[in-house]
Structures are given as C-alpha cells and as structure tokens.
Amino acid sequence: MGSITAMNNTGLAMGVNMVCSVLTNVLKPGLNSLLLVRKTVQSAKNTEEGIQKIVKAPRGVTWLYPIGDREGRSAIVKAGKRTLFLNTMKYPPNWAREIIPKEGITPSVSGLYVRWNDYKAESVSLNVNPKLYLAYNKEYDKNID
C-alpha cells in the first residue's frame, strides 16, 4: 500500500524518516509517511515536481522526506501539518529567542521546509551553538559541530 523508500522510472527517489515537531495535528493526520512517498513517486517526474506534490498533499504529522532525481537535484523536506502561516519564534523559550538569529530562519511553505542539496549554512547561524551550550552551562567543542 505504501513504501518506506521508492524510485520511479524517471529516476525520482524518495524516502521517509521520523521527526518530532509542533507541526502536528493529531486530529487530522492526513496523507503522510509511507502513503505520501508512494503517491509522490508515482505522480512526479523530478524533485521540484515531487516537492510540489508534498506541498499540496493533506498533511497533519511531521516527517522528513529525502528526495532526489537523476539530474542531481535533491533536498530534505521537513513536512508538517498544512498551515498558511507559522511563527517559528513562538516555540523556543524566551531566553533562546535572544540567541537565535531571526534572519537565518527560512519561512515555511504551507508548513513545509525544504533544504536543497546546495544549501550553505548562514554565517550568522554558525555562532548560535556556542551560545546555546553556554546557556546550558556546557562546554562547547567546535570539533563536534
């Protein structure tokens, strides 16, 4: 009925992985996980088209979807419940909001975040982890980051 991973005859491949998030609506779980992998791979020809299928799908539970095509375009898609507007800064505690760079946050598209394979970490966000470690009175080791 569904599939944990799939590839179609045009070379589009997709999988699924678990992620916990506030982007969940337990009353309307929607088309997620195994069924969304199957539906997307059955009906899309490339990564961009696949992501548009995920955007339009009724979703209610958060999952990570690695997706890629034979042209070398790939992405990790964090897809949660469909929502028109998501204020991601309302979830961290107040002290963390001072540390998190506002300009490094990519807006969601219908409750969906896409990190393409050519993604480069924003230089401003590279200074966040040392501050978070310090907030928890932990030693930061840049070699682990």
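**View 1. Thr-83 is a buried loop residue in this predicted model.** The relative accessible area of Thr-83 is 18%. Buried means under 20%, so Thr-83 falls inside that limit. Thr-83 sits in the loop between β5 (74-79) and α3 (94-97). Leaving out residues up to four places away in sequence, Thr-83 touches Leu-23, Ser-110 and Gly-111.

**View 2. The whole protein combines four helices and six strands.** Along the sequence, the order is β-β-β-α-α-β-β-α-β-α. The C-alpha atoms fill a box of roughly 50 × 35 × 25 Å along the principal axes. The protein has 145 residues, and buried residues make up 32% of them. Take the contacts between residues at least 6 apart in sequence: 66% of these join residues at least 24 apart.

**View 3. Helix α1 turns its buried residues to one face.** This helix covers residues 33-43. Its buried residues are Ser-33, Leu-36, Val-37, Thr-40 and Val-41. Seen down the axis of α1, they fall within an arc of 120 degrees, so they line one face of the helix. An α-helix has 3.6 residues a turn, so residues three or four places apart point the same way. What do the buried residues of α1 pack against? Their partners are the strands β1 (5-7), β2 (13-15) and β4 (63-68), together with helix α2 (47-56).

**View 4. Helices α1 and α2 pack at an angle of about 135 degrees.** Their axes are 9 Å apart. Are the two helices oblique or roughly antiparallel? Roughly antiparallel needs an angle over 145 degrees, so α1 and α2 count as oblique to each other. Their crossing is right-handed. On the α1 side, the residues that meet α2 are Leu-36, Thr-40 and Ser-43. On the α2 side, they are Glu-49, Gly-50, Lys-53 and Ile-54. Leu-36 and Thr-40 are also among the buried residues of α1.

**View 5. The largest nonpolar core holds 19 residues.** Those with the most contacts inside this core are Met-14, Ile-51, Ile-54, Tyr-65, Ile-67, Val-77 and Leu-112. Helices α1 and α2 each supply at least two residues of the core, and so do strands β4 and β5. In soluble globular proteins, nonpolar side chains tend to be buried together.

**View 6. Met-14 of the core touches residues from several stretches of the chain.** Its contacts here leave out residues up to four places away in sequence. Among them are Ile-4, Thr-5 and Ala-6. Met-14 also touches Leu-36, Val-37, Thr-40 and Val-41, which are buried residues of α1. Ile-54, Tyr-65, Pro-66 and Ile-67 complete the list.

**View 7. Thr-47 in helix α2 has a relative accessibility of 0%.** Is Thr-47 buried or exposed? Buried means under 20%, so Thr-47 counts as buried. Thr-47 touches Leu-12, Ile-67, Gly-68 and Asp-69, again leaving out residues up to four places away in sequence. Arg-73, Ser-74, Ala-75 and Trp-116 also touch Thr-47.

**View 8. Ala-96 is a buried residue of helix α3.** Its relative accessible area is 5%. Ala-96 and Lys-131 are 35 residues apart along the chain. The C-alpha atoms of Ala-96 and Lys-131 are separated by 9.2 Å.

Definitions and conventions:
Residues numbered from 1 in each chain as written. Predicted model: local features only at pLDDT ≥ 70, side-chain atom pairs only at ≥ 80, totals over all residues. Heavy atoms only, no water. Buried < 20%, exposed > 50% of the residue type's maximum accessible area, 1.4 Å probe, protein only. Arc of directions from axis to C-beta. Contact = heavy atoms within 4.5 Å. Core = buried A, V, L, I, M, F, W, Y, C linked by side-chain atoms within 4.5 Å. Axes fitted to C-alpha atoms, helices over the stretch in contact; angles between N-to-C directions. Parallel < 35°, antiparallel > 145°, perpendicular 65-115°, else oblique. Left-handed = near helix turned anticlockwise from the far one by under 90°.
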